[in-house]
Amino acid sequence: MFFDFIYWRKVLRFAWAQKQWPGRNKMMWRLLVVVPLVSAIHALFFILDYLFFPRLWRQQVAAPVFIIGHARSGTTLMHRLMAADEGRYSFFLFWETMFPSLLEKKLIRALGVVDGWLGHPLLKRLQAWDEKTFAPFRHIHEQGLWIPEEDQFVMRSAFVTQQWALDLPLMHEVDIFHVDDMDAKHRRRWMRHYRACVKRQLLLHGGECTHLSKNPLMSGWVNALLEEFPDARFVVMMRDPVQCIPSNLKLVEQVYRAGGWTAEQYAASMAAMTNISFDTFHVPKQALQQHPDTPHVVVDYRRLTKEPKATTEQVYRALNLPLTPQFSDYLAVQQDRERGHSAKFEYSLGEFNLARSRIEAELAGFYEEWQWPREADVDR
């Protein structure tokens, strides 16, 4: 199993240098004791997978579907609609990202069966913890142990996760967005480990499903994904950046403040996050232009929220996915429920050192293509 010692050393050096940060000792304990121990356990189970599940050697990842785009652009809504096509897709629930090994997942499921025989005492405790931990933040991001999550999190045991750049203001040094620009050998090791995790999840669901991924972060991985999965298909979500960029920046800033960091300490990281926001629009478009034969579709957030059924059907046609009568009926039922969907966690640009004029200049081509309102139009 892969472990990224390069990123681990970067984070370790940064944490060691924070002599005045109150969370330094706890972070050093995590990095020096918890992370190596937990990763070693996962690595052992990763090896045991091939002993207990020999089919894993032959498991293929055929034509996976990746939903990408800027955070707050409708990736979760698109994923939820498609994931409801029962029996077609495999995807990660949040708790499953914590256990990359197939054997680990099977053992936990078996424990759940035993817990059921005893009246679900463990399940009730987990549900209470889930509600206490995630409910206060679900207006920001719909998250919970049994909710589908960004499957990049399954790579955390390999020390490949954006969480370290949120726990520490390291966005400018620990960059897991621009994977396409990474050293080729390093990139291939990342992607092979990711494939290994996806294979296990597919086999957990029988091995015949299509993998369905929702990852705004993977907007910077398109070339790397196509290098690893040449038959991959993409759904690119598109939303007015004035609506989604400040919302995402505010979320990151709140995480830093909760960690005890000052505005001065996280300034460089926020600047890097701003640049990544712009790249989240540019990079997928440029990458897919280099691969014109790759099935993909760009979805307007406005249309998805107004016409979720017609928009999902358009996605299926573009990706050559057969639409079953059962799923079509489901979309019809969901039409009124999903229509008018809106993100509840939104903030104005006035909270950040980011002028609307800069957004319009950086993304001028997108404003012209998608006819988003400009500052001059708003002021009229």
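A salt bridge is taken here as a side-chain nitrogen of Lys or Arg within 4 Å of a carboxyl oxygen of Asp or Glu. By this criterion the structure, which is a predicted model, holds 15 salt bridges. Three of these pairs make a convenient way into the fold, and the enclosed and open spaces follow.

The pair R88 and D85 comes first in this account. The closest N and O atoms of the R88–D85 salt bridge are 2.6 Å apart, and both R88 and D85 are buried.

A salt bridge also joins E228 to R195, with 2.7 Å between the closest N and O atoms. This pair ties together distant parts of the chain, since E228 sits in helix α9 (residues 222-228) and R195 in helix α8 (residues 184-204), 33 residues apart. E228 has a relative accessibility of 16% and therefore counts as buried, the cut-off being under 20%.

Within a single helix, E253 pairs with R257, the closest N and O atoms lying 3.7 Å apart. Both residues belong to helix α10 (residues 241-258), where a spacing of 4 residues amounts to about one turn of the helix. E253 is counted as buried because its relative accessibility is 8%. The pair is also part of something wider: K250, E253 and R257 are joined into one network by salt bridges that share partners.

Another acidic residue worth a look is D130, located in helix α6 (residues 121-134). D130 has a relative accessible area of 7%, so this residue is buried. Its side chain reaches the backbone nitrogen of L145 at 2.7 Å.

Helix α6 leads on to the second largest pocket, to whose lining α5 (102-117) and α6 each supply at least two residues. The volume of this pocket is about 440 Å³. Its lining comprises 15 residues, of which W95, I108, L123, L126 and W146 are the closest to the centre. Helix α5 provides the largest share of that lining, with 5 residues. Sorted by class, the lining of the second largest pocket has 11 nonpolar, 2 polar and 2 charged residues.

Turning to enclosed space, the structure contains 1 cavity of 30 Å³ or more. The largest cavity has a volume of about 40 Å³, and two elements, β4 (233-238) and α11 (267-289), give two or more residues to its lining. The residues around the largest cavity are G69, H70, V236, M237, M238, T280, F281 and P284. This lining consists of 5 nonpolar and 3 polar residues, with no charged residues.

Definitions and conventions
Residues numbered from 1 in each chain as written. Predicted model: local features only at pLDDT ≥ 70, side-chain atom pairs only at ≥ 80, totals over all residues. Heavy atoms only, no water. 1 Å grid on protein atoms, 1.4 Å probe; cavity = no way out; pocket = protein on both sides within 12 Å on 5 of 7 lines; lining within 4 Å. Points joined across faces, edges and corners; volume = space filled by probe spheres on them. Nonpolar A, V, L, I, M, F, W, Y, C, P; charged D, E, K, R; others polar. Buried < 20%, exposed > 50% of the residue type's maximum accessible area, 1.4 Å probe, protein only. Polar contact = N/O pair within 3.5 Å; in protein donor to acceptor, adjacent residues only side chain to side chain.
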